[in-house]
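Reader: I should like to discuss the structure shown below, taking the overall fold before the details.

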Amino acid sequence: MIADKTLADLGWPTLVDHWAKRCATKRGEAAVRTGALLDDVAAARERTAEITEARGLLARGQPMPLGGIFDIASAIERVRKAAALEAAELVAVAGTGRSLARLRTHLRTHAEVAPKLAARAAALADLGHVFHPILEAFDADGKLVDHASDALGPLRRALASIKTTLEKRMNDLLGDERFSQYLQDAYYTQREDRYVLPIRTDGKGFVRGIVHGTSQSGQTLFIEPEEIVDLNNRRKLAEAEVADEERRILIKVSVWVAEVADGFTWSLEIAETLGVLAAAAIMAE
């Protein structure tokens, strides 16, 4: 074991710092910073040969594509325990699966130049049957698309229709003389997730409905007119149905990920090693 002082005198910590900063992923960076020197000559020679291959790819303008591999290890561990992942986590998992596939294909294509690296990449799991349908289920903003299930689109459209009706009704109430003379301002808003009108306190006895709070000054009551209570209820129910369906889809998709959790785990380990080699090649250059 080489003494820390000897390593410091050789400038090894500085080199490690530069090496780590050139890693494409946080996982690779951590591996470099916590890694130990190889103590076997054959292993060191093998590692040198792999770095030489990575340098060859760099020289040809064909570096290993390591972008888009996210830190999803914690998500994979949670899904092993039957946890349902959130939309952003599932998109990250699927995007990582796609990036791993791209890395495997790239090194297979350049196997003549980098046979050792290609052999490592060949062990990356084939996860296309999982990440393709997940990516198709989400839009560019990470939101479930309407066709993510047969039910989701119709439920969302029903909710949108109720919201349109409710907002039109609220606009009509703003101009209704039964309410307009008591309005603090000519707008409607939401309180406690219900559509309400801002009514002056002196209009409380003249506007029938449910009070959902007051302004900080105490001069305004936020009242849900009795005419729109049923519409508000229908909107809340429709929102719950949409949320339930979205949750059901996330649970279903999370089960897909759980079924290939091992494949993700070992593939992340392989990608970590390839990332460390790629960063070493950049340092070598």
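Reader: What percentage of the 285 residues of the protein count as buried?

Author: The model is a predicted one, in which local features need pLDDT of at least 70 and side-chain atom pairs count only at pLDDT 80 or more, whereas totals for chains, interfaces and linings use all residues. Residues are numbered from 1 along each chain as its sequence is written, and side-chain values use heavy atoms, with hydrogens and water left out. Buried means under 20% relative accessible area, exposed over 50%, and partly exposed in between, with a 1.4 Å probe and protein chains only. By this criterion, the buried share of the 285 residues is 40%.

Reader: What is the radius of gyration of the protein, against that of a compact globule of 285 residues?

Author: The radius is taken over C-alpha atoms, and the globule rule is 2.2 Å times the number of residues to the power 0.38. The C-alpha atoms fill a box of roughly 90 × 45 × 35 Å along the principal axes. A compact globule of 285 residues would come near 19 Å, but the protein has 29 Å.

Reader: How many helices and strands does the protein have?

Author: Helices (H or I, at least four residues) and strands (E, at least two) are DSSP runs, numbered from the N terminus. On that basis, the secondary structure comes to 12 helices and 4 strands.

Reader: In what order do the 4 strands form the open sheet?

Author: Two strands pair if DSSP finds at least two bridges between them. Strand 1 and strand 2 (residues 194-200) are joined antiparallel over 3 bridges, 4 bridges join strand 2 to strand 4, and 4 bridges join strand 3 to strand 4. The pairing is antiparallel, and the order is 1-2-4-3.

Reader: Why is one side of strand 1 and of strand 3 left without a neighbour in the sheet?

Author: Strand 1 (189-191) and strand 3 (209-214) each have one side free because each has a single partner strand, and both stand at the edges.

Reader: Which residues of strand 4 point the other way from T220, F222 and E224?

Author: In a regular strand the side chains alternate between the two faces of the sheet. Strand 4 is mostly covered, with 6 of its 6 residues buried. Two residues of strand 4 can be placed by their partners: F222 lies opposite P198, and I223 lies opposite V211. T220, F222 and E224 point one way, and those that point the other way are L221, I223 and P225.

Reader: Which residue takes a positive phi in the hairpin of strand 3 and strand 4?

Author: Close to this hairpin's strands, T214 stands opposite L221 in strand 4. The hairpin has 5 residues between the strands, and the residue with a positive phi, near 80°, is G218.

Reader: At what angle to strand 2 does helix 9 run?

Author: Axes are lines fitted to C-alpha atoms, for helices over the stretch in contact (heavy atoms within 4.5 Å). Angles run from 0 to 180 degrees between N-to-C directions. Helix 9 (residues 152-174) lies across strand 2 and strand 4 (220-225), and its angle to strand 2 is about 10°.

Reader: What covers the buried residues of helix 2?

Author: In helix 2 (residues 12-21), the buried residues are V16, W19 and A20. They lie on the same side of helix 2 because they cover an arc of only 95° around the axis, the arc being that of the directions from the helix axis to the C-beta atoms. What covers them includes helix 3 (26-34) and helix 12 (261-284).
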